[in-house]
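Visitor: Hi, could you walk me through this one? I'm new to this, so please start with any term I'll need.

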Amino acid sequence: MIQWEKVWTIATKEFKEFRRNKYILYSIILMPLLLATVLPAIYVIPVSMFAADESKTPMDLHLNINLNNSYIEVREVYAANIEFTSCNLTNTVATGCIFYNCTLTNCVVEGSQLNDSIVLGSTITKCNLNNVTRINSTVLGSVLVGEMTTAETTLLLLINTMLLFFLIMPTIVPAVVASYTIVGEKLNRSLEPLLMTPTTDLELMLGKSTSIFVPTVLMTYLAFVPFVLIVDFFTYPVLGYAPLPSDVFVIAVYLISPLTCALSILANIIISSRVNDVRSAQQLGSLVVLPMVILFIAALAGVASLNAWLMLGFGGLILAADVVMLLISLRLFKREEILVNWK
Amino acid sequence: MIETIGLGRNFDGLVAVDDLNLTVKNGEVFGFLGPNGAGKTTTVRMLCALIAPSRGRAFMNGIDVADRSQQIKIRQMVGLLPESPGHYETLSAYQNLDFYAHMHGVPEPQRKQRIDRLLERLDLKDRKDDRIATYSKGMKQKVAIARALVHDPEYVFLDEPTSGLDPVAALTVREFISELKKDGRTIFLNTHHLEDAEKLCDRIGVMSTRMLALGHPQELADSFFGRGTVVELDMPRPDLLAEVQAMRGVVAVRMEDAKFIITVDDPVLRNPAIVADLVRLGAKIRYIEPQKRSLEDVYLKVVGR
Ligand SMILES: Nc1ncnc2c1ncn2[C@@H]1O[C@H](COP(=O)(O)OP(=O)(O)O)[C@@H](O)[C@H]1O
Ligand SMILES: [Mg+2]
């Protein structure tokens with residue numbers, strides 16, 4: 001049976017102390033808000049401002065087809081005004097043609113329509129390309145129908161990368177706060193009288209953890225609002241839609257960030273039991289972020305796009321880590337341990 | 001009642017406390033003396049159910065301190081002043097005490113009353129809303145004592161309450177402890193300040209890992225040094241030494257200037273005859289008084305080597 005009013009009494013006492021510590025106030029309130037506004041501003045705004053106005057409407061090519069070819073090999077010819085379906089073309093020059101489902105190798109193509117095809121080592125000028133895979137090829141003055149522009153892909157990648165912030169923030173803030181409230185109390189010996197109160201070890205640990213968890217998670221949730229507004233405001237003109245809040249972000253911010261926050265708090269309790277100054281506690285505590293960043297970057301690099309399932313899997317992984325850390329910290333946050341072995 | 005039976009505690013092979021047998025009655029002020037590292041703090045922590053005994057048992061009002069399910073009960077009847085005050089320095093004295101009263105579940109009207117009364121008694125009322133960080137060492141110590149009392153505990157453990165304080169602060173703390181004694185609380189005082197122990201305590205125990213001596217301060221002195229009578233004459237009379245030595249009941253005699261310091265097996269029974277004999281032998285007696293052996297003498301004899 002946990003006496004929650006004891007847990008809350010400890011937490012509110014901590015809040016009173018936070019109000020008197022400008023480092024804690026800074027890291028809990030200012031840092032998240034600042035980063036949530038500054039980060040999108042420096043990453044998203046320049047890209048959106050300077051995004052070239054790449055047209056996506058197909059050009060009118062004035063095609064005048066007078067021959068249809070299917071399933072043939074074409075080599076070293078000059079082709080004009082021909083429709084090719086499922087053909088292989090090599091070392092060929094083509095103008096005013098239509099290609100469906102073809103493979104073009106070392107060709108020069110001008111003023112043509114290419115659909116569902118592959119081009120290798122070729123030069124494409126003034127064409128409409130619709131679902132064309134390009135390998136070692138040059139595309140000039142053409143329209144990539146239905147394809148994202150460089151600006152669009154860059155923006156989406158940037159937005160996804162900034163997701164990291166919502167994982168890192170709830171990890172770093174507890175490291176700073178815990179260094180003061182746990183290591184600081186240990187050095188000040190104010191843990192000992194607390195141990196004399198009629199509470200269980202678990203209630204003491206929950207009280208300390210709640211005082212860090214609640215403001216950190218609240219501020220993360222809150223910081224998401226200006227972040228979404230800024231990102232949407234500046235990317236809407238380029239993308240033509242508001243990219244946030246996406247399901248990936250909602251899962252990350254509202255589900256995963258509390259889990260990473262808990263992970264960080266637990267890790268910092270473990271660190272606090274072994275470290276004897278505030279600064280090294282902060283430095284060690286911030287390292288908790290590393291495995292998370294590595295995992296996340298691996299996901300970004302390895303998988304084409306972040307999707308909800310991937311995020312849920314990621315959340316599951318962190319939840320598992322939370323459970324392990326909880327078991328370890330429960331062993332360490334005991335009166336006997338604190339008095340005898342916390343050096 | 002505090003009761004320990006063969007209580008002991010090790011720290012990785014190091015024996016900090018061993019074979020401690022002790023009973024402290026309710027309302028008694030017990031002084032626990034011993035050099036640094038004697039195991040005083042360790043004993044108190046075991047009695048407060050903060051750390052577990054390695055051997056033996058200890059009971060507070062009959063509750064076994066090792067019984068985890070009863071620990072909350074023990075904490076409610078025990079107040080502890082630890083070696084360092086350990087306040088929340090950015091909060092005020094009132095906020096600190098209010099927090100602890102909350103944690104002990106002291107209900108609202110009583111909480112404020114009790115805190116105010118404690119602050120008043122400890123002369124802290126004017127500064128109660130200032131941050132503790134601005135307090136002197138003595139004031140911090142007083143707040144720590146108030147914290148130990150905020151839930152009105154039956155047992156108060158004071159771990160070296162006057163150490164590191166200036167003489168004035170030490171005096172206020174000492175006066176407050178004697179007031180606590182009047183409240184009828186049981187007080188367990190860890191100290192190596194012998195004067196404190198002598199003035200405040202009904203009974204003392206001298207320990208160094210094990211209990212070396214236990215009893216009322218004067219009883220201890222008597223048992224260690226015998227009970228002496230000091231007879232001061234008008235002038236030194238070394239010629240009488242052998243005759244005094246030969247008197248009935250005299251265990252030892254020694255001269256210091258014009259004084260005979262006579263150790264007697266039973267002063268009350270023997271002294272009249274000894275005095276009469278001295279007068280008969282022509283000694284001119286100025287004063288007769290019982291010999292005072294200070295606790296310091298006892299302590300040095302028990303602990304020192
Ligand atoms: N947490 C601990 N770990 C290891 N040894 C300890 C610990 N606490 C106390 N000791 C040892 O136990 C002995 C008794 O210490 P303590 O009870 O603090 O003595 P006192 O309070 O009488 O000065 C000392 O030798 C001390 O070094
Ligand atoms: Mg001690």
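Guide: Let me begin with a term: a salt bridge is a side-chain nitrogen of Lys or Arg within 4 Å of a carboxyl oxygen of Asp or Glu. Please also keep in mind that this is a predicted model.

Visitor: Okay, so how many salt bridges are there between chain B and chain A?

Guide: The count between these two chains is three. One of them joins the side chains of A:Glu336 and B:Arg9, with a distance of 2.6 Å from N to O.

Visitor: And which elements of chain B give two or more residues to the side that touches chain A?

Guide: Those elements are β1 (2–11), α2 (71–77), β6 and α3 of chain B. The largest share comes from α3(B), which supplies five residues.

Visitor: What kinds of residues are on that side of chain B?

Guide: They divide into 15 nonpolar, eight polar and seven charged residues. Besides the salt bridges, one can count residue pairs in polar contact between chain B and chain A, and there are eight of these, with both residues at pLDDT 80 or more.

Visitor: How many residues does the contact take from each chain?

Guide: It takes 30 residues from chain B and 25 residues from chain A. Together the two chains bury about 2700 Å² between them, and 62% of that area is on carbon and sulfur atoms. On the chain B side, B:Leu50, B:Tyr88 and B:Met103 supply 24% of the area buried against chain A, which is more than any other three residues.

Visitor: Changing topic, what coordinates the magnesium ion?

Guide: The magnesium ion, ligand 2, is coordinated by B:Thr41 through OG1 and by B:Glu83 through OE, at 2.0 to 2.6 Å. B:Thr41 lies in helix α1 (residues 40–47) of chain B, while B:Glu83 lies in the loop between β6 (78–81) and α3 (93–103), so the pair ties together parts that are 42 residues apart in sequence.

Visitor: Is B:Thr41 buried or exposed? And what about B:Glu83?

Guide: B:Thr41 has a relative accessibility of 16%, and it counts as buried because the cut-off for that is under 20%. B:Glu83, with a relative accessible area of 43%, is partly exposed.

Visitor: Last thing, what does chain B look like overall?

Guide: Chain B has eleven helices and 14 strands, and its C-alpha trace spans about 75 × 45 × 30 Å along the principal axes. Of its 305 residues, 52% count as buried. If we take the contacts in chain B between residues at least 6 apart in sequence, 68% of them join residues at least 24 apart.

How values were computed
Residues are numbered from 1 along each chain as its sequence is written. Chains are lettered from A and ligands numbered from 1 in the order in which they are written. This is a predicted model: local features need pLDDT of at least 70, side-chain atom pairs count only at pLDDT 80 or more; totals for chains, interfaces and linings use all residues. Side-chain values use heavy atoms; hydrogens and water are left out. Donors are N, O and S atoms within 2.8 Å of the metal (3.2 Å for Na, K and Ca); water is not among the atoms, so sites may look incomplete. Helices (H or I, at least four residues) and strands (E, at least two) are DSSP runs, numbered from the N terminus. Buried means under 20% relative accessible area, exposed over 50%, partly exposed in between (1.4 Å probe, protein chains only). Contact means heavy atoms within 4.5 Å. Buried area is the accessible area (1.4 Å probe) that two parts lose on being put together, summed over both. A polar contact is a pair of N or O atoms within 3.5 Å; within protein, one must be able to donate a hydrogen and the other to accept it, and residues adjacent in sequence count only if both atoms are side-chain atoms. Ala, Val, Leu, Ile, Met, Phe, Trp, Tyr, Cys and Pro count as nonpolar, Asp, Glu, Lys and Arg as charged, and the others, Gly among them, as polar.
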